[in-house]
Amino acid sequence: MNQQLPFESGSPAPAEPEFEVEIRRSARRKRSVSARLEGGRIIVMVPDRLSAREEQRYVDDMVAKITARTRRSRFSDADLARRAEQLSRTYLAGAARPAGVRWVTNQNSRWGSCTPATRQIRLSHRLQGMPQEVVDYVLLHELAHLLVPRHGPRFWALLEGYPHLERAKGFLEGVAHAEHRPEPFADDVEGVDEAD
């Protein structure tokens with residue numbers, strides 16, 4: 001099922017992101033300029049030899065690119081709830097019905113979590129700015145936990161229809177590796193012992 005799921009018309013536009021900008025000059029950099037979003041800041045790496053005017057032009061360009069990319073993937077809690085409903089209908093036959101879906105800022109070692117007993121899903125704010133198919137994967141992963149709490153064959157079978165499954169998992173594994181973090185979904189279900 002290779003289906004795109006745009007937000008339904010009438011959905012509110014995502015809020016305009018605001019970021020602190022940090023400029024890092026490097027004598028080792030000769031020509032390349034790069035930027036990344038890290039912990040709510042945009043880090044722009046520039047060659048040390050740039051003039052102030054050139055630096056400002058590159059910084060403005062990189063900040064605009066990251067802000068535009070982030071704007072496309074930053075949703076409110078209400079947007080997440082609507083998206084969860086769409087993903088559940090498309091990939092889980094509408095069977096997963098969360099009581100609430102929201103962004104949280106206290107999950108730095110997990111991408112998402114859910115509590116099957118209360119049907120609450122929480123997504124880490126660290127996902128904001130990542131590609132939409134990655135955010136969708138994490139949301140779908142947590143929705144599947146409402147139906148099957150543990151990471152067994154029945155759980156993974158629920159996710160098989162998502163066309164970006166392997167790419168999204170690989171993306172998150174790469175981010176976790178770069179940040180020296182543990183496996184991102186090792187303990188994402190609260191109130192359920194994995195050994196059960």
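Student: How many bridges join strand E1 to strand E3 (residues 41-47)?
Tutor: The two strands run parallel. Strands (E, at least two residues) and helices (H or I, at least four) are DSSP runs, numbered from the N terminus. Two strands pair if DSSP finds at least two bridges between them. E1 and E3 have 7.

Student: Is this model predicted, or does it have another origin?
Tutor: Residues are numbered from 1 along each chain as its sequence is written, and side-chain values use heavy atoms, without hydrogens and water. Local features need pLDDT of at least 70 and side-chain atom pairs count only at pLDDT 80 or more, while totals for chains, interfaces and linings use all residues, since this model is predicted.

Student: Which residue in E3 stands opposite serine 26?
Tutor: Look along the parallel pair E1 and E3. Opposite serine 26 is proline 47.

Student: What is the strand order of the open sheet of 3 strands?
Tutor: The pairing in this sheet is mixed. E1 (20-26) and E2 (34-38) are at the edges with a single partner strand each, so one side of each lacks a neighbour in the sheet. The twist averages 20 degrees from one strand to the next (axes are lines fitted to C-alpha atoms; angles run from 0 to 180 degrees between N-to-C directions). The order is E1-E3-E2.

Student: What pattern does the chain follow along its sequence?
Tutor: There are 5 helices and 6 strands to place. Read in sequence order, they give β-β-β-α-α-β-β-β-α-α-α.

Student: Why does the length of helix H2 (residues 77-91) agree with what it should span?
Tutor: The expected span is 1.5 Å times one less than the number of residues. H2 has 15 residues, so it should span 21 Å. Its end C-alpha atoms agree with that, as they are apart by 21 Å.

Student: Which elements do the buried residues of H2 pack against?
Tutor: Buried means under 20% relative accessible area, exposed over 50%, and partly exposed in between (1.4 Å probe, protein chains only). In H2, the buried residues include Leu80, Ala84, Leu87 and Tyr91. Contact means heavy atoms within 4.5 Å. The partners are strand E4 (100-104), strand E6 (120-124), helix H3 (132-147) and helix H4 (153-159).

Student: How many of the 5 residues of E6 are buried?
Tutor: E6 runs parallel to E4, with 5 bridges. E6 also pairs with E5 (residues 112-115) in the antiparallel sense, over 4 bridges. E6 is mostly covered, and its buried residues number 4.

Student: Which residue of E6 is the bridge partner of serine 113?
Tutor: E5 and E6 form a hairpin with 4 residues between them. In its turn, arginine 119 has a positive phi of about 60 degrees. The partner of serine 113 is arginine 122.

Student: What percentage of the chain's residues count as buried?
Tutor: The chain has 196 residues. Its accessible surface (Shrake-Rupley method, 1.4 Å probe; for residues, only the protein chains shown count as cover) comes to about 10,800 Å². The buried share is 42%.

Student: Which element has the lowest mean pLDDT?
Tutor: pLDDT is the predictor's confidence in each residue, from 0 to 100. The chain averages 82, and H4 has the highest mean among the elements, 96. The lowest, at 81, belongs to helix H1.

Student: Where does pLDDT stay under 50?
Tutor: Where pLDDT is low, the predicted coordinates should not be read in detail. One such stretch has 34 contacts beyond four places in sequence, and another has 9. They are residues 1-17 and residues 192-196.
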